[in-house]
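Please follow the chain from one of its helices outward to the core, the domains and the overall form. The sequence and the structure come first.

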Amino acid sequence: MSSRELAHRSGPAPAQLADVLERVLDKGIVIAGDIQINLLDIELLTVKLRLLVASADKAREMGIDWWEGDAFLSSRHRDGNSLDSRLRRLEEKAGLPTTPEEQ
Amino acid sequence: MIGVATGWYVYGVAARRDGLEAIAQVVGRGPLAALVAEVPLDEYGEETLRERLNDRVWLEEKARAHEEVLQAVASIAPVVPLRFGTIYDELADVERLLDTQAASFESALERVRGRVELGVKAWAEPSRLAAALGGDEPAGAEPSGRAYLERRQREQRLAAEVAARSAELGENAHRRLLAAAVEGVANRPQPRELTGRDEPMILNGAYLVPVGDDALHAEVERLAAEHESLGITYEVTGPWPPHNFVET
């Protein structure tokens, strides 16, 4: 742990993108609950809301899912040549019990 | 922006103060001020926005711009962040939003007044945690398939133990940090793809604390000292606008 990591950032130190996206895309007030992006004429508090990218769920539907996945379950993102999958293939070939894919 | 269809992007709603105009255009109604920007709908329109959101460079730029405006506002007034991409047709729509939702905005502002959001992340180094759990196996020749198999099984048990212990450490840390904050929330840990780090994140907390209050930092220092031998490290981020503490 460096003192820098613990320091209270008072200056304009650039925040990590992950932290910014998590807050900006997934937190904050959503004006009308779960507004669908294609509901252009939704009546909202008698205000016509033009457009709202409502949530991370919506972004996921649009294919922006690269921040998704459990920290402990990331193997689905690895390619087929990762050590794990190579090991599994070897184990299968050798008739050994295979390593669980995710743990 | 003559000739281009535009909309009004709303960053957030603040307690009305002098000086907000220097940060963004202000739509003021009574004690409330919406921070807005006129945006071209050929960039923020429904169809293009779908594509833009998949453009990581664009998304990063816009998300950071959204955050920077809110940061600047938060430095001079309580602010309720709106989620990225809230866009109205007309300024009159923004005025009506403030009018019809005045009570809930005011209570949301009251909740965050004089407070900031801090992020606390904790990271585990699985090999060090495994060693601390007594699973440090001497590496050696593996003469037989049986020895190999037994070793694999030991490793699997240990990995499960490490994962369980990591989760428990994260939960305990969150409970202790909650006691040092006004409010707190444990968000889902960010995945490696997003953090760019090999170590798994075991805590991704956000805490609302009074401005200038050091209790949370002090507790993080204590946790870091206690957990150093387990390979757990802590990181504090912020102060942030209170994104995590405005949902009704």
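In this predicted model, the face of α5(B) that is turned away from its buried side carries the exposed residues B:A103, B:S107 and B:E110. The helix itself spans residues 102-112 of chain B, and its buried residues include B:F105, B:A108, B:L109 and B:V112. Seen down the axis of α5(B), the buried residues fall within an arc of 100 degrees, so they line one face of the helix. That buried side packs against β1 (6-15), β3 (32-40), β4 (79-81), α4 (91-100), β6 (115-124) and β8 (201-210) of chain B. After α5(B) comes B:G114, a residue whose phi is positive, near 70 degrees.

One of the elements packed against the buried residues of α5(B) is α4(B), and this helix can be read in a similar way. In α4(B), the residues B:D93, B:V94, B:L97 and B:L98 are buried. They cover an arc of only 140 degrees around the axis, which puts them on the same side of α4(B).

Two of these residues, B:V94 and B:L98, are touched by B:A34, which also touches B:V10, B:V13 and B:V27, when residues up to four places away in sequence are not counted. B:A34 also has a place in the nonpolar interior: the largest nonpolar core has 63 residues, and those with the most contacts inside it are B:A34 and B:L35. Domain 1 (6-112) and domain 2 (115-245) of chain B both give residues to this core, so it lies between them. A second, separate core consists of six residues, among them A:L21 and A:L25 from chain A together with B:A63 and B:F84 from chain B. As a general background, nonpolar side chains in soluble globular proteins tend to be buried together.

How, then, do the two domains meet? The domain assignment of chain B gives domain 1 as 6-112 and domain 2 as 115-245, and the C-alpha centres of these two domains lie 34 Å apart. Seven residues of domain 1 of chain B are in contact with six residues of domain 2 of chain B. On the side of domain 1 that touches domain 2, the elements that give two or more residues are α3 (56-74), β4 and α5 of chain B, and the largest share, three residues, comes from α3(B). The residues on this side of domain 1 divide into five nonpolar, one polar and one charged.

A residue of intermediate burial is found in helix α2 (residues 46-53) of chain B, namely B:L49. B:L49 has 19 other C-beta atoms within 10 Å, and because a residue counts as buried only with 20 or more, B:L49 is partly exposed. Its C-alpha atom is separated by 9.0 Å from that of B:G85, although the two residues are 36 residues apart along the chain.

It remains to place these details within the whole chain. Chain B has nine helices and nine strands, and of its 248 residues 41% count as buried. Among the contacts in chain B between residues at least 6 apart in sequence, 75% join residues at least 24 apart. A compact globule of 248 residues would have a radius of gyration near 18 Å, whereas chain B has 24 Å, and the C-alpha atoms of the chain fill a box of roughly 80 × 40 × 25 Å along the principal axes.

Methods: Residues are numbered from 1 along each chain as its sequence is written. Chains are lettered from A and ligands numbered from 1 in the order in which they are written. Helices (H or I, at least four residues) and strands (E, at least two) are DSSP runs, numbered from the N terminus. The radius of gyration is taken over C-alpha atoms; the globule rule is 2.2 Å times the number of residues to the power 0.38. A residue is buried if 20 or more other C-beta atoms lie within 10 Å of its own, exposed if 12 or fewer, and partly exposed in between; C-beta atoms are placed from the backbone. Two residues are in contact if their C-beta atoms, placed from the backbone, lie within 7 Å. A nonpolar core is a set of buried Ala, Val, Leu, Ile, Met, Phe, Trp, Tyr and Cys residues joined through C-beta atoms within 7 Å. Domain bounds come from an automatic or database domain assignment. The arc is that of the directions from the helix axis to the C-beta atoms. Ala, Val, Leu, Ile, Met, Phe, Trp, Tyr, Cys and Pro count as nonpolar, Asp, Glu, Lys and Arg as charged, and the others, Gly among them, as polar.
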